[in-house]
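Work through these exercises with the model open beside you. Try each task before you read its solution.

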Amino acid sequence: MNLSNYGEFPADIPVIAEDELFLYPFMISPLFLSDEDNIDAATKAIEESSLVIVCSTKPGHDGERTSDSLYEAGVIGSIMRKVSLPDGRVKVLFQGLARATTLYEVSSKPHIAHVAVLEPINNDSPKLDALLEIVREKVRMLSGVSNYFPPDLLRTIEENHDHNRIIDLICSTVKLKKEQAYKIFVEVDTEKRYMHLVDYLIEEIEANKLQKEIKSKVHTKIEKVNKEYFLKEQLKQIQKELGTDTQREEEIEEYRKKLESKKSKMDKEAYKEINKQIDRFSRMHPDSSDASMTQTYLEWVLEIPFGEEAKKALKVNDVSEQLNKDHFSLKKPKERIVEYFAVKELMELRGIKSDGGDAGAILCFSGPPGVGKTSLANSIAQALKRPLIRIALGGLEDVNELRGHRRTYVGAMPGRITQGLIDAKKMNPVIVLDEIDKVSRSLRGDPTAALLEILDPEQNKEFRDYYLNFNIDLRKVIFIATANDVGNIPAPLRDRMEFITISSYTPQEKFEIANRYLIPQELKKHGLKRSELSISKPALKELIHSYTREAGVRNLRRRLAEMSRKVARDILENPELKKVSLSVKNLKDYFDKTVFEIEKTTKKPVVGVVNGLAWTAVGGDVLKIESIRIKGKGILTLTGSLGDVMKESARIAFSVVKTLIDTNKIEIDSNNIPKTFKEKEDKVNVPSSEVYKRYDLHVHVPDGATPKDGPSAGIAMCSVIASILSSKKIRSEIAMTGEVSLTGDVLPIGGLKEKLIAAHKANMSKVLIPSKNYERDLEDIPKEVRDSLEIISVGRIEEVLAEVLI
């Protein structure tokens, strides 16, 4: 190659760095220059009509322009044209002339190096022709399995006899890495260059043969599925070549083994459905969406514990012991639970099987929050040594949450009942349906309708989960429901359950529960020893009375936890402190503020104020009913967020009092009746009935923001209206509850236990209750409450007024 037109070599010429291309002597290629060093080198070469050397950057040094970041060898050539682009870059057309190497750097701004041409050696070796034929043969083979070489280039390689030019042509066509390309490029021994090239061509031929073989194997499958699976199929064939594609077959075989192991314990319908899905899964394409959905189904159903049951024999004594160990008081609920399991044990001992196997009444524990409904279920599960599954129904509005979703939907899964059995790993767990009174109805169905089947012993032997598509036998499951307000449960569902009412705790019961259970449990949770805390009896009673307002003991537990945290902190901050003692005096140091639960009676008689008794979701309460009279026309005004039933009760009470006044059963002092000036002057005797015609009455039930309803305040309404019209005082130490009829009869009410507990807490001395409640409900009242109150039975409103009016 003649470089004489450009002077003698070695020579000092500008250096251009190239990041992307690897250039060869025969190439004419455009170069896009963006950095100042390259632009300055190109400009200098054009101005001085000199050659330039283009050197590639080493791997990992893209963008760098130092001597160390460039390969020493490169292509000497001339710049045929230079064009400045709008984006600030410069485009030059470069023609390569020869291979050369930089000997040393002359300057860095612009980059100039002392360059020598790489002259080939062994160019006339007798081996070269033989090597050339081998290379041509390998090129022909590579072109047969790849598309690297166009026909024109193959013809050039066949006809040309310039060894180094042929090597450069082939290297520029095939996909060489920079290190491979540079190794062949910088070699001056033509024979060694051929040897390196042959080694690379053999590797490339083998790789392309394997790729072509893989493509041919997957060709038939690519026709059946979308072309987007092409890469996945290639990967699959590669894995098959490596012997790693047996996972799917192993999974299917594992599913079949699991199914066969459960076959004897499941019914034919379930076996048939699962087996059908396994066969279907084995025929599916592994990358289809149906395959993924079916596999998820198989994993769910094969986890169902068909035939697996807790083996412990039912012993009613164990249940009784566990209930007594875990719960204080609750005598009647405990008795009913023990009776329930006594029937089951007797039937088992005598070998009697009912139509529903373990079927029987479904128990529902009803009562205010925190009285121990869920913990009773925990104790039952513990006594029976069965797993406990809790399903929270509060706010549930989608029926598919219970029945399962049909498999056609994306993200479908079994219902909560089936999931509960899977979690329990037994077919006879205790399932607690918590807050069954708070199930919602929506456009997605009515979950209470699904519960009808689940809780009916005649139907749940064939409970069908939509996701499974076969029946499950739920007869062995013990269902226990909990509810706060039974009235919110639909009547058909109520009919399938037996309710065990758990009432509010008395202060003494709370004291015992705190002493026996809550305090030891909280001390253990907070890492405290029993010897490190002492709480006096009066302090604990004050805590229960003044710092909690509830029917149960949940807030009391929170207060005790709060106390334990502060005690733990005191012990850490004062290492010399061995014991913390709580008394009534220092109780305020450990608790923020009191919650006045029920206002104590003042024992001072007042006109127009009476103590009524009310039932609430958190226990009983004392309601003060107030009344005033204003000169008017006999209008009755009612305030205090009263419901329709309570308003009607007040109107009935007003009518009853009017009747009593008209029949002189309530004496009215004539001085209490407003008179006109003329009536006063003439000293006219005004009839008693004028008292309710000449006064407007305003009856108010504090507090105004709390909604109130129900008929049980009837006798209290009568008393307060009679008091304000007759100006007679009402004994403030008396509380009362009872509905009144239009004829003056006192009718029975509900929630008597909670109401009497509230009267006891308010230090009432006497309580008036309907006769029928006195006859049938008095035994349910705690002895502590009965001993502290004088409970009087009343059947007529006249008896009530005789007791309360002074």
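**Exercise 1: Two special backbone spots**

Pro 110 sits in the loop between β5 (90–108) and β6 (111–117). This is a predicted model, where local features need pLDDT of at least 70, side-chain atom pairs count only at pLDDT 80 or more, and totals for chains, interfaces and linings use all residues. Residues are numbered from 1 along each chain as its sequence is written, and side-chain values use heavy atoms, with hydrogens and water left out.

Task: Find which residue is joined to Pro 110 by a cis peptide bond. Then find where Ser 329 lies.

Solution.
- Step 1. The cis bond links Lys 109 to Pro 110. Its omega is about -10 degrees.
- Step 2. Ser 329 is in the loop between α11 and α12. Helices here are DSSP runs of H or I with at least four residues, strands are runs of E with at least two, and both are numbered from the N terminus.
- Step 3. Check the phi of Ser 329: it is positive, about 65 degrees, although this residue is not a glycine.

**Exercise 2: The helices on either side of Ser 329**

Task: Describe how α11 and α12 pack. Which residues make the contact?

Solution.
- Step 1. Take the angle and distance. Helix α11 (residues 316–326) and helix α12 (residues 331–349) pack at about 160 degrees, and their axes are 9 Å apart. Axes are lines fitted to C-alpha atoms, for helices over the stretch in contact, and angles run from 0 to 180 degrees between N-to-C directions.
- Step 2. Name the arrangement. α11 and α12 are therefore roughly antiparallel to each other. (Under 35 degrees counts as roughly parallel, over 145 as roughly antiparallel, 65 to 115 as roughly perpendicular, and the rest as oblique.)
- Step 3. List the contact (heavy atoms within 4.5 Å). From α11 come Val 316, Val 319, Ser 320, Leu 323 and Asn 324. From α12 come Lys 334, Ile 337, Val 338, Phe 341, Ala 342 and Glu 345.
- Step 4. Sort by class. The contact of α11 with α12 has seven nonpolar, two polar and two charged residues. (Ala, Val, Leu, Ile, Met, Phe, Trp, Tyr, Cys and Pro count as nonpolar; Asp, Glu, Lys and Arg as charged; the others, Gly among them, as polar.)

**Exercise 3: Two further helix pairs**

Task: Are α3 and α4 roughly parallel or roughly antiparallel? Then classify α18 and α20.

Solution.
- Step 1. The axes of helix α3 (residues 151–159) and helix α4 (residues 163–173) come within 10 Å and cross at roughly 155 degrees. That makes α3 roughly antiparallel to α4.
- Step 2. Leu 153, Thr 156 and Ile 157 of α3 touch Ile 166, Leu 169, Ile 170 and Thr 173 of α4. By class, this contact of α3 with α4 holds five nonpolar, two polar and no charged residues.
- Step 3. Helix α18 (residues 507–525) and helix α20 (residues 554–573) cross at roughly 45 degrees, with axes that come within 10 Å. α18 and α20 are therefore oblique to each other.
- Step 4. Residues of α18 in this contact include Ala 514, Leu 518 and Glu 522. Those of α20 include Leu 556, Arg 557 and Ser 564. The contact of α18 with α20 divides into seven nonpolar, two polar and four charged residues.

**Exercise 4: Spaces in the model**

Task: What lines the second largest cavity? What is the volume of the largest pocket?

Solution.
- Step 1. Learn the terms. On a 1 Å grid over the protein atoms alone, a cavity is a set of points where a 1.4 Å probe fits but cannot get out; a pocket is an open set with protein on both sides within 12 Å along at least five of seven lines; lining residues have an atom within 4 Å of a point. Grid points are joined across faces, edges and corners, and a volume is the space filled by probe spheres set on the points.
- Step 2. The second largest cavity holds about 50 Å³. Its lining is Phe 22, Leu 23, Val 54, Cys 55, Ser 56, Ala 73, Gly 74, Val 75 and Phe 185.
- Step 3. The largest pocket holds about 920 Å³. Of its 33 lining residues, the closest to the centre are Lys 332, Thr 501, Ser 503, Lys 753 and Asp 780.
- Step 4. The lining of the largest pocket has 12 nonpolar, eight polar and 13 charged residues.
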